[in-house]
Amino acid sequence: MKILRTIGEAQKLTTSLRKKNKTIGFVPTMGYLHEGHLSLVKAARKKADVVIVSIYVNPLQFGPKEDLSKYPRDFKRDELLCRKAEVDYIFYPDDKQMYPDKFSTYVTVENITSILEGRIRPEHFKGVTTIVLKLFNIVQPHFSVFGQKDAQQVAVIKKMNADLNVNTKIIVSPTVREADGLAMSSRNVYLTKEQRADAPYLQKSLQYAKRKILLEGYNKDIEFLEGQMSKLIKSRKTATKIDYISFNDYYTLEEIKSLKNSNNSAILISLAVRFGKVRLIDNIVIKR
Ligand code: AMP
């Protein structure tokens, strides 16, 4: 396994791999790797000749009051985990490489970025699409693997790729969870013992809604379901604020106001909840 620190060496490598007809599979991450990230690597490993993981905490996708400076980092540990997972290259640039002085070009996907996460984190997706397109141009992957955990991110990147004719396939990999249902996340390390004990209620409330819909049919009222989910979450003392609970079309992210007349082939139920200063997201998909 090799570590690439500059855009120049990475681009030279990927250009030569492409000439040799090697399939490049790419997994972009912000590091502090866990089993969720490693499941994406595994999915890439199955299909690619060469697997490239990027580790870069992208300042552009953090809001001014967010946790950029405190975001957990441990490159040595990440390096070891990548080696074990048979990654071929880690792309590990610094801020000067990615955003040199006078950097002034940004990628903005409109509409679907102003709802859900985008409503609470207004500049977030502009940061995500800008860095992801830069990474695609550097790594030149045939396909890239993203986690279902960030369902809106997947929809936004797919839209960017379609609108800008970006030539990399997006593969979506299922959310990896702790034994009690909590979605793995680098941010879980911030949780206190009490918050950690309450956090699985995110998944519990999503499971509740899915069960109700599957057992009792699509005539269930969304307001009722949201109310019950909200009650479940608020029953936990450390859950201090629900940013949103939302029902959307999985592919277009269009909001679903009533299940009765809906004919969406897949419904995304997603939520964001704060446990003190720690903000967690999760989702579930119901396919018809
Ligand atoms: P991050 O390092 O948090 O930016 O995440 C990098 C990639 O890993 C994204 O595509 C995430 O959706 C994905 N990811 C994060 N947590 C999980 C998880 N628990 N299961 C599956 N994928 C995940």
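Begin by selecting the ligand and the residues that surround it: there are 17 of them, where a residue counts as near if one of its heavy atoms lies within 4 Å of the molecule. The closest are His 37, Gly 147, Asp 150, Val 176 and Met 184. This is a predicted model, in which local features need pLDDT of at least 70 and side-chain atom pairs count only at pLDDT 80 or more, while totals for chains, interfaces and linings use all residues. Residues are numbered from 1 along each chain as its sequence is written, and side-chain values use heavy atoms, with hydrogens and water left out.

Next, display the polar atoms around the ligand. An N or O atom in the side chain of His 37 is 2.8 Å from a ligand oxygen atom. A polar backbone atom of Met 30 is 2.9 Å from an oxygen atom of the ligand, and a polar backbone atom of Val 176 is 2.8 Å from a ligand nitrogen atom.

Now colour the chain by domain: domain 1 covers 2-173 and domain 2 covers 186-287, with bounds from an automatic or database domain assignment. Their C-alpha centres lie 26 Å apart. The contact (heavy atoms within 4.5 Å) takes 23 residues from domain 1 and 20 residues from domain 2.

How much area is buried between domain 1 and domain 2? The value is about 1,700 Å², with 53% given by carbon and sulfur atoms; buried area is the accessible area (1.4 Å probe) that two parts lose on being put together, summed over both. Select Leu 116, Glu 117 and Ile 120 in domain 1, which lose the most area to domain 2, together 29% of what that side buries.

Finally, keep Glu 117 selected and add Arg 279: their side chains meet in a salt bridge at 2.9 Å, N to O. The count between the two domains is two salt bridges (a side-chain nitrogen of Lys or Arg within 4 Å of a carboxyl oxygen of Asp or Glu).

How values were computed. A polar contact is a pair of N or O atoms within 3.5 Å; within protein, one must be able to donate a hydrogen and the other to accept it, and residues adjacent in sequence count only if both atoms are side-chain atoms.
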